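Me: I would like to go through this structure term by term and ask, for each label, what justifies it. Please set each value against its cut-off before drawing a conclusion.

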Amino acid sequence: TEDFLEAVIAPHAPLISEIYLPFHISVCHTARAWHGPFDLRVNDDIVRGLYEFLQPHGIKLNFVANLPSSTGSDKARLVNEVLRLDELFDGSVFTIRSLETAATAWSLRNTLDLQSSTLSHVNGPAAAWYWKHYAGSAGVTIDRGINRSPDVIAAIRKLGLKIRMVVNDDCIPSCPSEDDHMSDLALGGDLGLSRGTGGGLMQYARCRPFAQGVKRQFPWMVVQKEILPFHLPRLEGLVDQVKITGRCATNEYVVDCIERYSEAKARENSLFREPDEAWDRVATCDRACEACRWCEENIEVRGPKMSN
């Protein structure tokens with residue numbers, strides 16, 4: 001919308017490298033409730049306006065397909081859409097969860113800029129190499145579980161890949177509800193498409209109750225992968241781009257996130273506040289929280305902690 005362009009993009013353009021957009025709901029499900037038009041041509045017109053606004057600022061579009069391609073027809077539809085969008089919006093990036101889908105697209109057009117999603121679980125050099133070798137990726141979005149494992153990130157950089165990182169999604173590490181959440185999102189997308197209602201099906205896009213309960217009962221577990229603004233200097237030379245989650249958020253929230261992370265000073269989020277020594281402690285820990293309990297005892301929980 002014009003409000004988004006004027007309030008969020010224009011004042012902060014020097015800080016922004018890419019704007020993430022979902023593929024159209026008729027092509028594949030998105031990892032959020034769909035709020036756009038159901039007519040693909042109308043959606044193309046909106047994206048064209050955004051593309052033209054971003055061009056003078058040197059900001060790219062990054063189209064995201066976070067749900068897996070479960071059938072051959074799903075994969076073919078997504079691959080064809082990647083090729084179509086690449087022709088319409090030259091220079092765009094494509095974030096794909098499925099390596100096989102990305103590899104198929106690259107085999108058809110080896111000039112595509114394809115990268116992994118954080119849900120592709122690129123958690124080490126081997127997983128990153130697959131994307132470089134089979135999808136021609138110049139960079140990867142790493143698994144959130146290694147956000148605070150600098151030695152692992154450094155090993156991936158040895159492959160000559162650029163590193164993207166999702167910093168503030170509040171998800172729990174190694175989420176046991178991920179597959180169930182993806183199934184909910186697919187169901188919500190199908191219902192929205194059939195009923196012509198998108199944002200009204202938000203219940204299918206929200207964090208699963210089980211995972212939400214873990215997060216509220218054990219908020220310090222999120223420390224394993226959440227990047228706070230004051231961590232960014234620690235990632236200098238390791239990470240090329242940080243992705244701020246906010247596709248369904250208000251303009252005010254997105255602006256606040258951009259400014260907080262650009263200042264690189266804040267040491268808290270809605271769940272917890274960290275002491276200075278937390279970074280080094282987490283960067284070298286084995287993630288055996290129940291045996292360690294350092295985070296439980298030293299991380300300041302913000303808001304009431306839920307009981308079991």
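Reply: The chain holds twelve helices and nine strands, and it should be said at the outset that the model is predicted. Of its 308 residues, 47% count as buried, and among the contacts between residues at least 6 apart in sequence, 72% join residues at least 24 apart.

Me: Why is Glu 6 called exposed?

Reply: The label exposed calls for a relative accessibility over 50%, and Glu 6 has 52%, so it counts as exposed. This residue lies in helix 1, which spans residues 2-12. Exposed does not mean without contacts here, since, leaving aside its neighbours within four places in sequence, Glu 6 is in contact with Pro 11 and Phe 53.

Me: How do you know that the buried residues of helix 1 share one side?

Reply: The buried residues of helix 1 are Leu 5, Val 8, Ile 9 and His 12. Around the helix axis they cover an arc of only 120°, and therefore they sit on the same side of helix 1. The other side carries the exposed residues Glu 2, Asp 3, Glu 6 and Pro 11.

Me: What do the buried residues of helix 1 pack against?

Reply: Their partners are strand 1 (18-22), helix 2 and helix 9. For the pair formed by helix 1 and helix 2, the packing angle is about 35° and the axes are 12 Å apart, while the crossing is right-handed. In this pair, Leu 5, Glu 6, Ile 9 and Ala 10 of helix 1 meet Leu 50, Phe 53 and Leu 54 of helix 2. Sorted by class, the contact has six nonpolar, no polar and one charged residues.

Me: What makes helix 2 oblique to helix 3?

Reply: Helix 2 (residues 40-54) and helix 3 (residues 72-88) pack at an angle of about 40°, and their axes are 12 Å apart. An angle under 35 degrees would count as roughly parallel, and one from 65 to 115 as roughly perpendicular; the value for this pair makes helix 2 oblique to helix 3. Helix 2 passes helix 3 in a right-handed crossing.

Me: Which residues meet where helix 2 and helix 3 are in contact, and how are they divided by class?

Reply: Leu 40, Asp 44 and Arg 48 of helix 2 meet Glu 81, Arg 84 and Leu 88 of helix 3. By class, that contact has two nonpolar, no polar and four charged residues.

Me: Why do the buried residues of helix 6 line one face?

Reply: Helix 6 (residues 150-157) has Pro 150, Ile 153 and Ile 156 as its buried residues. Viewed down the axis of helix 6, they fall within an arc of 120°, and so they line one face of the helix. These buried residues pack against helix 5 (125-135), strand 5 (139-141), strand 6 (162-166) and helix 10 (278-283).

Me: Why is Glu 252 called exposed, and how far apart are the C-alpha atoms of Glu 252 and Val 8?

Reply: Glu 252 lies in helix 9 (residues 251-263). Its relative accessibility is 59%, so Glu 252 counts as exposed, the cut-off being over 50%. The C-alpha atoms of Glu 252 and Val 8 are separated by 8.3 Å, although the two residues are 244 residues apart along the chain. Val 8 is one of the buried residues of helix 1, and helix 9 is among the elements that those buried residues pack against.

Methods. Residues numbered from 1 in each chain as written. Predicted model: local features only at pLDDT ≥ 70, side-chain atom pairs only at ≥ 80, totals over all residues. Heavy atoms only, no water. Buried < 20%, exposed > 50% of the residue type's maximum accessible area, 1.4 Å probe, protein only. Helix = DSSP H or I, 4+ residues; strand = E, 2+ residues; numbered from the N terminus. Arc of directions from axis to C-beta. Contact = heavy atoms within 4.5 Å. Axes fitted to C-alpha atoms, helices over the stretch in contact; angles between N-to-C directions. Parallel < 35°, antiparallel > 145°, perpendicular 65-115°, else oblique. Left-handed = near helix turned anticlockwise from the far one by under 90°. Nonpolar A, V, L, I, M, F, W, Y, C, P; charged D, E, K, R; others polar.
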